[in-house]
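Please work through the following exercises with the sequence and the structure at hand. Each task is followed by a solution in steps.

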Amino acid sequence: MTDSVIMLRRNAKHVARNPTTVFNAVIFPVVIMLMFVYVLGDAFDVGENYVDYATPGIMLLAICYGLSGTSTAVSSDMTKGIINRFKVMDVSRGAVLTGHVTTTIATNLIAVAAVVGTAFALGFRSSGGFLDWLGVLGLVLLTSFATAWLTVALGLAAKTVEAAGIATVPLIMLPFFSSAIVPADKMGPGIKQFAEYQPFTPIIETLRGLLDGTPQTGDAIAAVAWCAGIALVGYLWATATFKKRA
Amino acid sequence: MTTPAIEVSGLRKAFGDKVVLEGIDLTVAAGTVFSLLGPNGAGKTTTVNVLTTLIRPDGGTVRVAGHDLAAEPKAVRAAIGVTGQFAAVDELLTGQENLQLMVELNRAAHGKQLIAGLLERFELEEPAQKLVATYSGGQRRKLDLAMTLVGNPRIIFLDEPTTGLDPRSRRTMWTIIRELLAEGVTIFLTTQYLEEADQLADRIAVLDQGRLVAQGTPDELKRQIPGGHVRLRFTGPGDLEAAARLLTGGVRDDETLTLRVPGDGGTESLRILLNQLHDNAIHTEDVTVHTPDLDDVFLALTGRPNVEEVAK
């Protein structure tokens, strides 16, 4: 067994044993789905069946909600003595961090699957073919990978576990200021431009296109570029911070 | 002569403007307990962090287990184990799972027997299946040390292993440290408790504000300060007067009716002293023996009382 696999199993136990993490990461996105589609959905006029409109956005929201657990878990490792033990034991330095990243991705996949399952139960219909769905899976994985590295960096940079939890709030709020819930052109001035140009909008639009079976190349390129950029910044920031902190 | 377990020469470390270690030299013979003694903020933890490869020194050379710290950190890490001041345990795993994690990361053979043996030795069988978050301070420290032992280290660093523990847990920890020593393990122990260093250490170095102010065996350190004395208190001035004439070299204090006589407080010399008084019909109210302890050493070396001891 490699160090990374050992660390992944350790982190997976942490997630499974922490009811707050399970609730935030998996149950809350499903609750949001029910709230917006089942409770409020009929009030939104988006030009199509609301569940079809909202599903891609809530898939992204599910990824973001899984992140707060990651930053606090990373911070908790760093602020308690255990990280020094791993360092002195010569556990591969990457393994500690990749353990957190892979755990986050696994949690995110479960949450997205739960959201999609709920969507189908609420009448969601997809015109996407097998390749489109493969594209959906790929983009979900890529987004999860990128935001997980950024979150690991936030967790490492935070001085306390509490600060680490707060650091992910912007990431959790960001989907609401995108085309996730309603189209950007229905928002007020300022917010509208922000929503159009922020990274989550092209990701959501790409997911939406793929699920409709009508993917747009422009959105897809922007989405992949944003993910690659976020992943790179997150990775470099995380590894640099990890080295600096004794 | 075998290679020393730890050799440190001219070790310096500063954090920004704050100089924490100002040229530390020390040698720890293999198979002994070396205690670094000092108050909070003296630089004990920094020393441990440097010697265990966690932080880089600014200057000086360090060899641990025969390996140069800067050139072969991996070889150093393979030989050592560390139990820090804050228990390095995983709170969201059970005690058993914490040990299992160490077995996996160490690729240790016969993991099951090893874990069962450690749980028994550290009296952790009963809470083994409970999450460590529910453990007492003493149980955490024991689990922490048990986790360190999974890697079978030849040199163990214990950074204030008993700080904050109740007296019973402290005794248990001391017993375990003595057992490890009997197995041939070298122990580098930091402590702010003078009694602990006295009880366990073969050699003690006193660290104060980043400098070693004294080094030696506990007895050597005690000899560095004026010897012990016996304090005799009398019922009246007549007895004091008679005793002072009999025991020349004593320091008398008429106000408290006491006489301070130099002496090591051994039973034989004490018996002779008391017999002398008895034979001369001098009555003593009480007798107290004062051997120099490490508190006296600390005071004599630094000109200040040990802060923690005063606060305790």
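The exercises below treat the overall build of one chain, one helix, one residue and the contact between two chains.

This is a predicted model, in which local features need pLDDT of at least 70, side-chain atom pairs count only at pLDDT 80 or more, and totals for chains, interfaces and linings use all residues. Residues are numbered from 1 along each chain as its sequence is written, while chains are lettered from A and ligands numbered from 1 in the order in which they are written.

**Exercise 1.** Describe the overall build of chain B.

*Solution.* Begin with the secondary structure: chain B holds twelve helices and 14 strands, where helices (H or I, at least four residues) and strands (E, at least two) are DSSP runs numbered from the N terminus. Next, take the extent along the principal axes: the C-alpha atoms occupy a box of roughly 75 × 45 × 40 Å. Then consider the domains, whose bounds come from an automatic or database domain assignment. Domain 1 covers 6-222 and domain 2 covers 228-290, and their centres, taken over C-alpha atoms, lie 46 Å apart. Finally, of the 312 residues of chain B, 41% are buried; a residue is buried if 20 or more other C-beta atoms lie within 10 Å of its own, exposed if 12 or fewer, and partly exposed in between, with C-beta atoms placed from the backbone.

**Exercise 2.** Compare the span of helix 10 of chain B with the expected value, and state how far the helix is covered.

*Solution.* Helix 10 comprises residues 267-279, 13 residues in total. The expected span is 1.5 Å times one less than the number of residues. From first to last C-alpha, helix 10 reaches 18 Å, close to the 18 Å expected. As to cover, helix 10 is hardly covered, with one buried residue among its 13. After the helix comes B:A281, which has a positive phi near 55°.

**Exercise 3.** Why does B:A214 count as partly exposed?

*Solution.* First locate the residue: B:A214 lies in strand 10 (residues 211-216) of chain B. B:A214 is classed as partly exposed because 18 C-beta neighbours lie inside 10 Å. Its C-alpha atom is 8.1 Å from that of B:I204, ten residues away along the chain.

**Exercise 4.** Characterise the side of chain A that touches chain B.

*Solution.* Count the participants: 19 residues of chain A and 21 residues of chain B take part, two residues being in contact if their C-beta atoms, placed from the backbone, lie within 7 Å. On the side of chain A, helix 1 (3-17) and helix 5 (82-88) each supply at least two residues. Helix 1 of chain A gives the largest share, six residues. By type, this side has seven nonpolar, four polar and eight charged residues; Ala, Val, Leu, Ile, Met, Phe, Trp, Tyr, Cys and Pro count as nonpolar, Asp, Glu, Lys and Arg as charged, and the others, Gly among them, as polar.
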